[in-house]
Amino acid sequence: MSSGETFGDFEHLLKRALTPVDPPADLSLRLESTLAELTELAQDELESWELSTMRDPRNWVRPVAAVAIGTTAGAALVVLRVRQQHRRRAAKSSGPLDLAERTLHAVADETRKILDR
């Protein structure tokens with residue numbers, strides 16, 4: 001086997017390994033529903049805690065985890081939803097400043113939707 005054949009095989013294998021793979025069509029929906037569920041579960045966990053139990057620091061783990069998970073999932077959900085609508089906002093905007101303003105309004109609207117639940 002010559003070095004040319006080895007290099008060609010290696011190049012072929014490398015091309016096969018680096019070919020783009022399209023994500024499943026329902027990935028966005030599954031991600032959005034998972035993030036929404038995590039946010040709701042974190043909100044429910046926080047609502048179930050009583051303030052009187054917070055005097056003992058050993059009881060802080062679950063609320064702190066709920067706040068961290070809820071905040072992270074909520075922020076990711078806002079970003080995902082705002083990103084999904086980007087092309088439509090870009091088509092409607094008259095320039096970069098208008099697009100930035102529309103995007104900020106979309107972020108505020110999505111955040112309100114999540115907090116109102």
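Me: Why is K113 called partly exposed in this model?

Reply: Happy to start there. This is a predicted model, and K113 has a computed relative accessibility of 48%. Partly exposed runs between the 20% and 50% cut-offs, so K113 counts as partly exposed.

Me: And what makes E110 buried?

Reply: Its relative accessibility is 5%. Buried means under 20%, so E110 belongs in that class.

Me: How do you know that K113 and E110 form a salt bridge?

Reply: Their side chains meet at 3.3 Å, N to O. The cut-off is within 4 Å, so the pair counts as a salt bridge. Both residues lie in helix α5, three residues apart, about one turn of the helix. Salt bridges with shared partners also link E32, R81, E110 and K113 into one network.

Me: What makes K15 and E11 a salt bridge?

Reply: The N to O value is 3.9 Å, and the limit is within 4 Å, so the pair counts. K15 and E11 both sit in helix α1, four residues apart.

Me: Why is K15 called exposed, while E11 is called partly exposed?

Reply: K15 has 55% relative accessibility, and exposed means over 50%, so K15 qualifies. E11 has 35%, which falls between 20% and 50%, so E11 is partly exposed.

Me: How do you know that R89 has no salt bridge?

Reply: The nearest side chain of opposite charge, E110, is 7.5 Å away. A salt bridge needs N and O within 4 Å, so R89 has none, although R89 is buried. The R89 side chain does reach the backbone oxygen of V82 at 2.9 Å.

How values were computed
Residues are numbered from 1 along each chain as its sequence is written. This is a predicted model: local features need pLDDT of at least 70, side-chain atom pairs count only at pLDDT 80 or more; totals for chains, interfaces and linings use all residues. Side-chain values use heavy atoms; hydrogens and water are left out. Buried means under 20% relative accessible area, exposed over 50%, partly exposed in between (1.4 Å probe, protein chains only). Lys and Arg count as positive and Asp and Glu as negative; His and the chain ends are not counted. A polar contact is a pair of N or O atoms within 3.5 Å; within protein, one must be able to donate a hydrogen and the other to accept it, and residues adjacent in sequence count only if both atoms are side-chain atoms. Helices (H or I, at least four residues) and strands (E, at least two) are DSSP runs, numbered from the N terminus.
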